[in-house]
Every structure is written in structure tokens, then in C-alpha cells.
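Colleague: Got a minute to go through this one with me? I'd like to start with the DNA side and then move on to the chains.

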There are 2 protein chains.
Amino acid sequence: MAETLSKSLPSSRREFVETAGRLCQRFGLPRSTGQIYGLLYLAPSPLSLDDIAELLSISKASASTGTRQLLSWHAIKQIWVPGDRRDHFEAVGDLHDLLRAGYEKFFRPKLERSVSKMDHLLVCLEADRKAGLLTKEEHAFCKERLAHLRSLQTRVQKLLPLAEKFL
Amino acid sequence: MAETLSKSLPSSRREFVETAGRLCQRFGLPRSTGQIYGLLYLAPSPLSLDDIAELLSISKASASTGTRQLLSWHAIKQIWVPGDRRDHFEAVGDLHDLLRAGYEKFFRPKLERSVSKMDHLLVCLEADRKAGLLTKEEHAFCKERLAHLRSLQTRVQKLLPLAEKFL
DNA sequence: CAGTTCGTTCAATTCTGATTGAACGAATAA
DNA sequence: TTATTCGTTCAATCAGAATTGAACGAACTG
């Protein structure tokens, strides 16, 4: 017994979906993923995969990969709807949590890796120097610039937890 | 009288170029642009377009568009080298300035536009409501979520100038 | 003046990564 | 059991953006 509802969005929600999609796209994430989150963020009740695919006019395959992506970020969660075999999804509304988690999972590891990369580069620089591949000035110049960068990194590392508290 | 120098980089600088390229790429900017900045950031003396193209093994066309991009962001500047007709480029070392400028030029306008977008959406929501396109609950739910988002936006707007000062 | 050199532009190509349709396995229903 | 529904996976396609080669105009050179 399939419900054959209107399956279209009011303009407010439609525009919101579009905005969310573009935002994601700008950050290098798949547009459809952002659209899905946008759709769910303003959905008063959980939606099934088919709902999502139909409302966004995307394939069920896209909807599936998108939702799994969002689940892995804990940006949405699965909801069991009694009497319906299908999975339903709803957005996690607390964006603050979401940001914190995103920082922990994405930025922090990346920052840390970039710090060790810098350390490696400094070692590398000394090796090049010993191998006679750099002039005295070149060595001094690079060392100074790398140090500058390094100090910026540590400042950022200190800033982000503070920022998180502030928000 | 063309100088036929070795035209290759020590491993420290080569790795730095690679890292800078990947960083840019991650933020949706052309990789080559990041590579150019990385190359110049560790260059003790200004480089010509041809130097850049050769050292990075990219076409002169790419080097040209990349440098113009970076110039527009004030991330590099043109240097006049006496006795050489060609343009030479050097990186602006002060990343702090660069970040501030990037915020002013990129993030701030985008944030502001997103704020007015939200206001528009709230208007839109009321219109949908009056047109009878939304149930009472749907309207209330959306309004609450949009308000939540809106408040997050203003908090971010307040945070960023502070963060800038902190760095 | 003709002949180079330099930097930019633009159409064509290439790459990367998002999206899809089709096929599949698991779970449910009949 | 067989048939159907649901969600995932995967190879193929598609779109958009980066990159290039070629052509051009402007500035220099001799």
C-alpha cells in the first residue's frame, strides 16, 4: 500500500535545500550530501530513502551514499518508524555539537599532521644543507619562513578549542 | 644570454610545494596556485614566470593564471629586477595579513550574504504559511530551526574578528 | 623597420570526482 | 518455498574545473 502524496516542497524549504547544497559544494563536499542534510534539517518528521530521492530528484544510489556519509559524521540519525520496514532519517539539530565533532574528526588530525610535516621539513632542510644543496642564505631564509609558519600553526592549535567554547 | 641553471629544487622545498598544493586543492582552489605560492614562499629571491613554469613542470599559461590569481589576493607581489624585462614574483611572507585579508574578502561577504539569505527564508516561510502550504507544526518546526541557525550565524560573526585578533 | 620576447587569453583537452542504472544480497511477506 | 522490497555496491557515465597549446597584442631590441 504505497502512499502517493504530493511529494514536493514549499519554496522556503526548497530554497534552503539549494543553499545547503551550495554550501557543501563550496567546501569540497558533494552537493547532494548537503541537499540531503538541508532537506532533513527542515523536515518535521523523519524521511525514508525514497522520500529523499524523490523530493530531491536524485537517484536512490545517491541518496544512499549521501545518507551513509552524513551518518558517519553523526549529522543525521536513523529513526525506526513502527509499521514501516524502511529506514527513516532525521537531522541532528544541534549544530554546535556537529561543529565540535567536525573539528575533532577533521581539522584537528589534519592540523596535527601538518605540524609533524613541518617538523619533518625542518629536518629535511638540515639534511639538504649538509648535502651542500643550499647556499647559506637559502638555508637561513627557508628556516626563518618555516619557523614563522610553525608558530602560526601552534597559535591556531591554541585558538580552535577557545573558539569552540565561545560558540 | 640565457642562464642555464640546474632548475631543480632541494627536497625540502619540493615537499613544501607539494604540501602547499594539496592544501589549496583541499579548499577547492587550483592545486597549481598553491604550488606556486609554496614555491615562492621558500624562494630566497624573486622568480620569473618561466622559472615557475619550469620548476613546477607546468605550462606558462598555468603559471600566468596562477600568479594573477595570487596577485589578486595580494599573496604575492611583482618585483622589478634591474636588467631583466620579465616580471618577477615574490611571496608575501606575512600570513597573518593574508588571513585577515582573506577573511575580509572571502568569508565576511559570504557570511553577510548568508545572513540576509536566512532573513529572506524566514519571510518566505511566512508567505508559505499564509498560502496554506504548511501545517501548523511544520511552520513552527521550521521557524525554530531557522532561528537556531540564525543565532549561530551571529555568534560566528562575533567570533571571527576576535579570532583574528588572537592570532 | 622587421624580429624577439613576454604575458595573457581562449578554445580544446584532460582529470577528477559526483551521479547514475543495474545487479546483488538480505530481509520480509505471502 | 517464491516473490517482493529495501539498501548497498560497482562499473559506467557525466559534469565541471584545471590545464594546456596555440595565437595574439604589446613592449622591447637591433
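**DNA strands and the chain pair**

Modeller: Sure, starting with DNA strand D: 18 residues surround it, and the closest are A:Ser64, A:Arg68, A:Asp87, B:Ser32 and B:Ser62. Near here means that a residue has a heavy atom within 4 Å of the strand. The model is a predicted one, with pLDDT of at least 70 needed for local features and 80 or more for side-chain atom pairs, while totals for chains, interfaces and linings use all residues. Residues count from 1 along each chain as its sequence is written, chains are lettered from A and ligands numbered from 1 in the order written, and side-chain values use heavy atoms, without hydrogens and water.

Colleague: How much of the DNA strand D that comes within 4 Å of the protein is sugar and phosphate?

Modeller: Sugar and phosphate make up 76% of those atoms.

Colleague: Which polar side chains reach DNA strand D, and at what distances?

Modeller: One of them is A:Arg68, with a side-chain N or O atom 3.0 Å from a phosphate oxygen. B:Ser62 has a polar side-chain atom 2.7 Å from a phosphate oxygen of the strand. For A:Lys60, the partner is a base nitrogen of DNA strand D, 3.3 Å from a polar side-chain atom.

Colleague: And which element gives the most to the surface near DNA strand D?

Modeller: That's α4(A), with 4 residues. Helices here are DSSP runs of H or I with at least four residues, numbered from the N terminus. At least two residues each come from α3 (49-56) and α4 of chain A, and from α2 and α4 of chain B. By class, that surface has 5 nonpolar, 5 polar and 8 charged residues. In this scheme Ala, Val, Leu, Ile, Met, Phe, Trp, Tyr, Cys and Pro are nonpolar, Asp, Glu, Lys and Arg are charged, and the others, Gly among them, are polar.

Colleague: OK, over to DNA strand C. How many residues surround it?

Modeller: 17, with A:Ser32, A:Ser62, A:Arg85, B:Ser64 and B:Asp87 the closest. Sugar or phosphate holds 77% of the strand's atoms within 4 Å of the protein, and bases hold the rest.

Colleague: What does A:Ser32 sit against?

Modeller: A phosphate oxygen of DNA strand C, 2.5 Å from a polar side-chain atom of A:Ser32. B:Arg68 also has a side-chain N or O atom 3.0 Å from a phosphate oxygen of that strand. With B:Arg85, a side-chain N or O atom is 3.2 Å from a sugar or linking oxygen. Two or more residues each come from α4 (60-72) of chain A and from α3 (49-56) and α4 (60-72) of chain B. α4(B) has the largest share of the surface near DNA strand C, 4 residues.

Colleague: Switching topic: how are chains A and B related?

Modeller: A rotation of 180° with 0.0 Å of shift along its axis puts chain B on chain A, at RMSD 0.0 Å. The two copies are thus related as by a two-fold rotation axis. The superposition is least squares on C-alpha atoms of residues with pLDDT of at least 70 in both copies.

Colleague: Why do you say the copies meet through the same surface?

Modeller: Because 100% of the interface residues of chain B are also interface residues in chain A. In numbers, 43 residues of chain B contact 43 residues of chain A, counting heavy atoms within 4.5 Å as contact.

Colleague: How much area do they bury?

Modeller: About 4,000 Å² between them, with 69% of it on carbon and sulfur atoms. In chain B, B:Arg145, B:Phe166 and B:Leu167 lose the most area to chain A, together 14% of what that side buries. Buried area is the accessible area (1.4 Å probe) lost when two parts are put together, summed over both.

Colleague: How many salt bridges cross that interface?

Modeller: 4 by the rule, which asks for a Lys or Arg side-chain nitrogen within 4 Å of an Asp or Glu carboxyl oxygen. B:Lys117 and A:Glu15 form a salt bridge, N to O at 3.3 Å.

Colleague: What about over all chains?

Modeller: The count comes to 23 salt bridges. Among them is A:Glu18 with A:Arg22, where the closest N and O atoms are 2.7 Å apart. Both lie in helix α1 (residues 11-26) of chain A, 4 residues apart, about one turn of the helix.

Technical notes
Polar contact = N/O pair within 3.5 Å; in protein donor to acceptor, adjacent residues only side chain to side chain.
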